[in-house]
Structures are given as C-alpha cells and as structure tokens.
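Visitor: Before I look at anything else, I would like a close look at one part of this model, the part that a database record marks as crossing the membrane. Please take me through that part carefully, and then set it beside the rest of the chain.

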Amino acid sequence: MVMKRLLNNTEISQYFSLGELKRIIQLLFPYVRKHKKAYMGLFIMLLLDITLALAFAWFFGNTIDAAVQGNFEQLKWLIATGVAISILSMAVNFTDTYLETVALNGVKKDFNHDVYEHVIRMNGKNFTNYHSGELFSHFAHDLHQIEGVIGRGLLNLIRVPIISISVFIYLLHINWALTLVILLVIPLAILGGALFGVLLRNNSREIHELMGKISKTLNETFQGLMVIRSFTLESFFKQKYKKSQDELYQLELKDAKLRGWFNTGGEAVGMMTFLTTLAVGMYFVTDDILTIGALLTYINLVNHLIYPMTGIAGQWAGYQRSVSAIERIIRLLDQPREKGTVGSYIPDCEDRIEAKHITFSYDNSNPVFTDFTITLPANKLTAIVGPSGAGKSTLFYLLQGLYQPQQGTICIDGISIDEENLQSLRQSMAYVPQETYLFSGTIRENLLISGNDRTTEAQMMEAAISANIHEFIQSLPEGYDTEIGERGVRLSGGQKQRVAIARALLKNAPILLLDEATSSLDNESEYLVQEALGRLMKGRTTVVIAHRLSTIQHADKILVLDQGRVVQQGTHEQLLRTNGLYNDLYRKSYFHKDGYPEVFSINA
Ligand SMILES: Nc1ncnc2c1ncn2[C@@H]1O[C@H](COP(=O)(O)OP(=O)(O)OP(=O)(O)O)[C@@H](O)[C@H]1O
C-alpha cells in the first residue's frame, strides 16, 4: 500500500515507474529473444562462473588447511584441482566475453536498424518537429546506451540473485553465526544503491538532453558554415558551443562525483563487512569453532556476496543512465509512421489529379487549406502561382502524401491516395525541388539512385544528354565516376539542377512536380536548365510552382493561390484580361522574364 502510494507520487514515478519498466522490456525483449542462443550461452557461462567461484573458495580454504596440517598427499591433488579450476575459469572468461559481444552487438545492430527505419518512415508532420541534430544524437549517443539494459546489466540482474543465494547457503554451511553479520549489511548496500541510482538518473537525463542540443549546434555549424563566415558569426557560434560544452563538463563532474561517492560507499560497506567478519572469524578460530582455512574460504566468499550487493546497486545506477537514454528513443518510436506498403496500384495518371475538399493545418489550429478543391488535368502543364505563404509548397507535400490532410481526399484517376498506396504513388511521381539535393558519391550513383536496377549505361547517358549535362560530365577527368562532394558542393547551381533533371528523367514517372528555382542562373546556364526542363515535362502530367514567365505563358492552366484558396484560374491571356491578383503579380514583376519561351512544349 505504502509502496503503491509512493509509486503514484509523480516525483517518485519520475525516477522509477513500473509502466516504464514494462515498456522497456516490451521494447527490447524481442531483440533479446532473437539472439537467444548467445544469451543462453551467456547464462550457461554465468552458472559455470558461479560454480567455479565456489569451487575456488573451497580449494583455497582446503589448501590452507592441508598446508597447516602438513598433509602433502592432499595438497598434491588439491593443487591439480586448482590448476583445473584456473584453466576452466580462463576458458569461461574468454567464451563469456565473446558471447557477450555477439549478444550485445547483435541486439544493438537490429535495434539500430529498426529505429533508423522508423525515422525514415516517420509521418512527415512529426518528422518536421525534429531537428536533424537531435535525431543524429539519438543514433550517436542514445542508442549505445541500451548496453546498460541488455548487456552485462541484464546478466547481472540474473547473476546477482543466483550467486547471492548460492554463496549465502555455502556460508551458512560453514558458519551460521558469522553469516548473520552479513544480513545486517545487505539492506544498507541496497538502500545506498537505490538512492544514488535515482540521483544519477536525473543527472543522466540532463546529460542526454544536452548532448542532443550540442548535436544540433554542430549540425547547424557545419551546414551553415558559409553563412556563418559571411555574416562573421564565428564568435557567436563559438560562444554557444563553448557554453554547452561547459555545461556538459559540469554535469559530467556531477556524474563523476555521484559515482565516486557511490563507489566509495560500496567499498566502505565491503571493507566494514570484511573487517567485522575477520574480527569475529578470528575469535571463532581462537575458540576452535572455525579452522583458518574455513575462515579464509569464508572471507573469500563474503566478497562474492557483498560485491554483487553493491554491484546490483551499481547495475541499478547504470540502468538509470540507460533508461534516461531509452526513454528519449521511446519518445521517437512513439511518433506515428507511414505504413508505406508498396501496393500493386501504381497510378499512370491517364485522367486527372484531384484534391477534394481538403482541410489541412500543420499545427491543428491555423489551417493552411479549408475545404480546398482543385483539378489538375492529365498530360498537361498546370502552373501554380501565388504570393509567399499562399500554400503552394504545402500543396506539393499533400500531393506526394508527405502530410495527410485532416479532411478531404486526393485522387489520381479517381483512386484516392491513402497510407496503403503511398509508396506506389510516389513511384509515379518525380519531384524536382527548388533547391537541388544531391547525395555524396559519384555522378553515376546520383543518377542511378532514382532509376531501377535494370537502367543501362546507354539509358543513363541518354538522360544526361537530354538534361544538357552529358558534355560537362564527359569533360571531367573521371567522367560519370566523379565524386561530387557532400550535397554536390563541387558542382555549380546550374550543373546540380541538370543532374537532378537527368535523375528525374531516369525515374520516368508519369507525374512531374516541379518547384521552379527562384534564384537566377547566368544566361547560358539558365538556357540549358530551361531546355532540359522542357524535355522533362514532355508527355507528363506536370504541376509547376512557377516563377518564370516562359513557364506560365505555356501552361495549359494557371491556378492562382492566395491564403490557401484558389482565387483565379485560366490561361495567361485570360488572366491578364481580368483584374485581380494575377494581374497585380504580373505588374509587380513577380515572374522572371527569362526569354526562352520556345523550350516549353508539354505535348510529345
Ligand atoms: N512545417 C511547417 N509547420 C508549420 N507551419 C508551416 C510549415 N510549413 C509551412 N507552414 C505555414 O503554412 C503556410 C503555407 O506555407 P507554404 O510553404 O505552403 O507557402 P508557399 O506558398 O509555398 O510560400 P513560398 O512561396 O514563400 O514558398 C505558411 O503560413 C507557413 O507559415
């Protein structure tokens, strides 16, 4: 009853909750079960280790007694037994270390893999709530901490009761009165461990949170290094980094102090027990109640009993540190993810794309779209225009199923897209974002990433030729095998865009979503990109967030968006004849006049 009241207390349950323990077991048990052979092996090693510890204590005591009595016959076979025990101990140690690595790293590998899969499949809305640095910190720090729960810690939780009971029985067998001394020490060791465990966990939680923040800062520093330099923000970032490192240092010191006190306490308990048993034991020896050998066996075994007692408290402390990391991972795993099954339905978009009565909000309170309905004709070019914040990018996210609307549906050829067919839907779409994202690696790897395994060299080159990038690639010393650096930093903006266009060509999807770049390239590069885009659009259902006059002039349909509503629609000429937002945008030179209208022709 009292325990229950304590556990219901929020302060206590912050540190120790049965529900949380259950959740951790539920989370990690399937992984442990998968590696049950290694764990079974470890369990056998553990039993052998306990048996050998008892055998050694027995050998030690008897050897001393035999030596005191001058019984050399007995000594001979005792020494032989001692050698056998030592060799067996070494073999057990070796196998134990090896099996521990097999079990621990096996579980870590599988768990890591599943957390990674969860993150890359996480629902778009929840994913954007995370900072990439924070996610990185989960993988770099938190995942390693599960060791405290599935490694030695788990085994010791089994080992401690077994060794304690076996040793206790053996001690009772040697001398019951002396054993009672131990009973006084056990509660002290457990209580101390529990208290320090609680304090350590609180501190560990702060350490993990701070490590997450440090990862964020590092990520931002490296990604925005050019901006940091050009705005001379070096000292600001240096101070920010230093401050968090100082905080981490203080927390680590606190952690070290707590562990120091804890270990010292453990040693004090051990020493106290040792001295008490030695004093009482000596008294028993002088009274001939105990032989010297039995006393030495006894003292040897007491260490095996006391160490696990303080050891279990140590395990508890390690467990607390692990738990504070695992609870961060649990929060991540609690985020909903897309089902992402690749269904047989792969839309070819012969008819149209429709968004019907869509209501969508990022934060469930400020809707970007309310009862929003549009139709995008198949095999035509539809341009979306509108002022900043109108909802153009959000519409693209919804069309790709990256976010789910709270109400309404999106249909392709009359079939509504849902979680079941999201993957196949995305296979039907090529998305060319405003800012090209290339992966580190070679140009070839970047091109082939979007095609299928059967894409030939000739097809790859054909796509590069259509994207106006082949000649440039050929001019590089390593051609298609040239490394382009992180995010393609070794390529110019226009080159990156053309590689992305070739990548989209190779995907050969019937639907093309294009977010036109707002930044201007030089004339020649601009022409090459526009011409490549013209080829990419041919014969596809194309939706463009348009910023260029040449695009909207050739669009079959223009949708003018403002504050999440379609305020006008029609062709360029029709809209110019009407007073409204489109005319305003046109007059305010919202559209880039690139002067290459001839490159657009969507019909094959
Ligand atoms: N991840 C997000 N979380 C919360 N609100 C968002 C998020 N992304 C966009 N918004 C909000 O949704 C609205 C529409 O944004 P959206 O990016 O779709 O506009 P846009 O028309 O593409 O603008 P721009 O032309 O400037 O890119 C804006 O008010 C914006 O603040």
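Guide: In an unreviewed UniProt entry, the label "transmembrane region" is attached to residues 38-60, 75-94, 154-172, 178-200 and 261-283, and what follows sets that record beside a model that is predicted. Among those listed spans, residues 75-94 are 100% helix and 0% strand in the model, with the end C-alpha atoms lying 28 Å apart. Residues 154-172, also listed in the entry, are likewise 100% helix and 0% strand, and here too the distance between the end C-alpha atoms is 28 Å.

Outside the listed spans, the ligand is surrounded by Thr-128, Tyr-362, Asp-363, Val-368, Gly-386, Ser-388, Gly-389, Ala-390, Gly-391, Lys-392, Ser-393 and Thr-394. Helix H14, which covers residues 392-399, supplies three residues of this shell, the largest share. Sorted by class, the shell holds seven polar, three nonpolar and two charged residues.

As to how far such details can be trusted, the protein chain has an average pLDDT of 82, and 88% of the residues score at least 70, while the model as a whole scores ipTM 0.97 and pTM 0.75. Over residues 1-12, however, pLDDT stays under 50, and the model has five contacts beyond four places in sequence for this stretch. Residues 596-604 also stay under 50 in pLDDT, although the model has 22 contacts beyond four places in sequence for them. Where pLDDT is low, the predicted coordinates should not be read in detail.

Terms used: Residues numbered from 1 in each chain as written. Predicted model: local features only at pLDDT ≥ 70, side-chain atom pairs only at ≥ 80, totals over all residues. Near = placed C-beta within 6 Å. Helix = DSSP H or I, 4+ residues; strand = E, 2+ residues; numbered from the N terminus. Nonpolar A, V, L, I, M, F, W, Y, C, P; charged D, E, K, R; others polar. UniProt positions renumbered as here; feature names shortened; annotations may be inferred. pLDDT = per-residue confidence, 0-100. Contact = placed C-beta atoms within 7 Å.
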